[in-house]
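Student: Could you take me through some side-chain contacts and burial in this structure, reasoning step by step?

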Amino acid sequence: MTWSDALVSVSAVIDNSLYIGNLAAALSQDVRKKFGITHILSVCAEHTFEPKSDWLSVVVQDSEYEDILIHFPQTCAFIQAALENGGRVLVHCMMGISRSAAVVSAYLMMSQRIPASIAIQYLQKRRPQVHPNYGFRKQLQVFADCRYNPSCTNAEYIAWKRRQKREVTKYLNLISDTVPIIPDQLYISSEFPRDPEAAESLLLDLGATHLLSISSAQLPKPIIPPTFEHCFIDVPNNARETLLLELSTACRFIGEAIQAGKQVLVQCRVESRACIVACAYLIVTRRLSPRQAQGVLESAFPLFNPTTTFHRHLELFAACECRPTICHPLVQAWLNEQGSTSARSATPSTSSSADAIPPVPVDTCFPTFSSPITQVQSTSTPSRNLNLKSNFDSFHAHSEGMTCGGLLASQLSIPASSAAVRSTSPSIVAPSMTVGGLSPPRSSTSSPPGYSRSRSPNRVSLDCHRRGPISV
């Protein structure tokens with residue numbers, strides 16, 4: 001199949017003036033006649049064109065390290081001259097997603113004097129699959145810093161060239177350090193960019209639509225566009241039980257996203273916390289024991305070194321029927337464990353916590369994800385019909401990040417007079433454990449469903465692999 005036989009994809013940026021599309025659109029005589037195209041601007045290296053007065057070709061690879069910035073003055077002048085003479089311009093690359101989007105965004109920035117973020121947002125309204133790679137996004141910002149005239153003698157351009165490789169390498173390392181626990185469904189990462197442009201690029205490159213971030217309120221909350229679902233769990237440093245109590249909410253957030261065919265990134269600077277959330281999700285959905293869930297994690301992340309806190313969280317989560325509450329005896333025993341240990345070391349005691357709270361028979365109760373997360377609140381940017389020439393000054397994106405708090409209420413009731421916690425769920429006994437002297441009885445369980453131990457390589461989508469084209 002030749003390029004001319006591929007599916008044509010073209011979108012209007014400025015009606016009856018400026019268009020963006022893929023290579024097949026540029027090679028199609030029918031498309032050129034249909035839209036009245038008089039000038040073509042090619043930004044790709046996959047196909048060569050004969051030089052013509054109405055056809056400008058710029059050879060650029062779709063790579064974060066590529067310097068497309070130096071070509072912006074020439075491409076902007078070509079588009080402007082064609083439009084001033086009443087022509088119609090088609091800007092294309094291989095798929096009409098990254099390189100051509102960067103060139104069109106640069107023209108919108110220069111002609112309308114708008115920032116790069118607004119130009120990209122407007123372009124995405126016209127062509128949703130638009131996604132300039134991270135390197136091109138940064139260069140669009142530098143284009144404005146250079147006052148739309150980058151050159152080898154421009155101070156801003158020179159400063160950018162010096163830091164370009166370092167910035168791009170740091171960003172690509174974020175992608176390579178992201179671990180797919182369940183390929184194409186669940187990822188974990190210990191680092192997340194503070195730069196909103198880098199954050200958006202990272203999520204788009206991973207294909208993630210949902211972000212679950214775990215952090216202390218002392219650290220800044222990640223800033224992401226409203227097009228992504230965001231669940232933020234605040235784990236104070238002085239409240240060791242917070243993460244355990246939030247695991248049910250985290251599993252529900254992840255489960256609803258995956259059931260809808262979406263992909264989730266779990267991010268926390270404390271790596272073990274992200275691993276705890278991932279394993280808790282495996283315990284709930286695959287009905288695994290903590291040790292089996294750890295095995296799935298280690299097959300995808302062999303360098304992970306589990307800590308005592310990691311094991312305790314998973315054991316408690318399973319023993320509390322996957323719905324731990326602050327009033328559960330095992331949680332209370334865990335919270336009192338450090339204090340009681342210190343007291344025993346100072347003064348010998350004839351009683352233990354097991355004397356005060358009898359052993360608890362535990363049934364594993366797996367929550368479903370059909371109900372919505374009632375604590376997730378969001379405000380999305382209303383869609384607007386934009387007139388590029390008259391309404392660019394009023395085009396702004398307003399958004400508020402989504403938050404997801406803790407459990408709505410205690411999901412497990414423990415009467416004061418009762419020595420046991422009973423469940424109405426099917427009796428599936430959680431793995432045996434010992435916490436603070438409490439030893440729930442052992443019980444055999446059926447073998448859990450099999451799970452995949454294969455690890456797929458991280459995916460870095462480039463221009464020709466990201467989205468499918470849009471038919472004319």
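Tutor: Let us begin with a term: a residue is called buried under 20% relative accessible area, exposed over 50%, and partly exposed in between. Please keep in mind that this is a predicted model.

Student: Is D15 buried, partly exposed or exposed?

Tutor: The relative accessible area of D15 is 48%. Buried requires a value under 20% and exposed a value over 50%, so D15 counts as partly exposed.

Student: With which residue does D15 form a salt bridge?

Tutor: D15 lies in the loop between strand 1 (10-14) and strand 2 (18-21), whereas its partner lies in helix 5, so the pair ties together parts that are 111 residues apart in sequence. The closest N and O atoms are 3.1 Å apart, and the partner of D15 is R126.

Student: How many of the 11 residues of helix 8 are buried?

Tutor: Helix 8 covers residues 196-206, and its buried residues, among them E197 and E200, pack against elements including helix 6 and strand 10 (264-268). Helix 8 is largely enclosed by the rest of the structure, because the number of its residues that are buried is 10.

Student: Which residue of helix 6 meets E200 in a salt bridge?

Tutor: E200 counts as buried at 14% relative accessibility, and its partner is buried as well, with a relative accessible area of 2%. The side chains meet at 3.5 Å, N to O, and the pair links parts of the chain 63 residues apart, E200 being in helix 8 and the partner in helix 6. Together with E197 they are linked in a network of salt bridges, and the partner of E200 is R137.

Definitions and conventions. Residues numbered from 1 in each chain as written. Predicted model: local features only at pLDDT ≥ 70, side-chain atom pairs only at ≥ 80, totals over all residues. Heavy atoms only, no water. Buried < 20%, exposed > 50% of the residue type's maximum accessible area, 1.4 Å probe, protein only. Helix = DSSP H or I, 4+ residues; strand = E, 2+ residues; numbered from the N terminus. Contact = heavy atoms within 4.5 Å. Salt bridge = Lys/Arg side-chain N within 4 Å of Asp/Glu carboxyl O.
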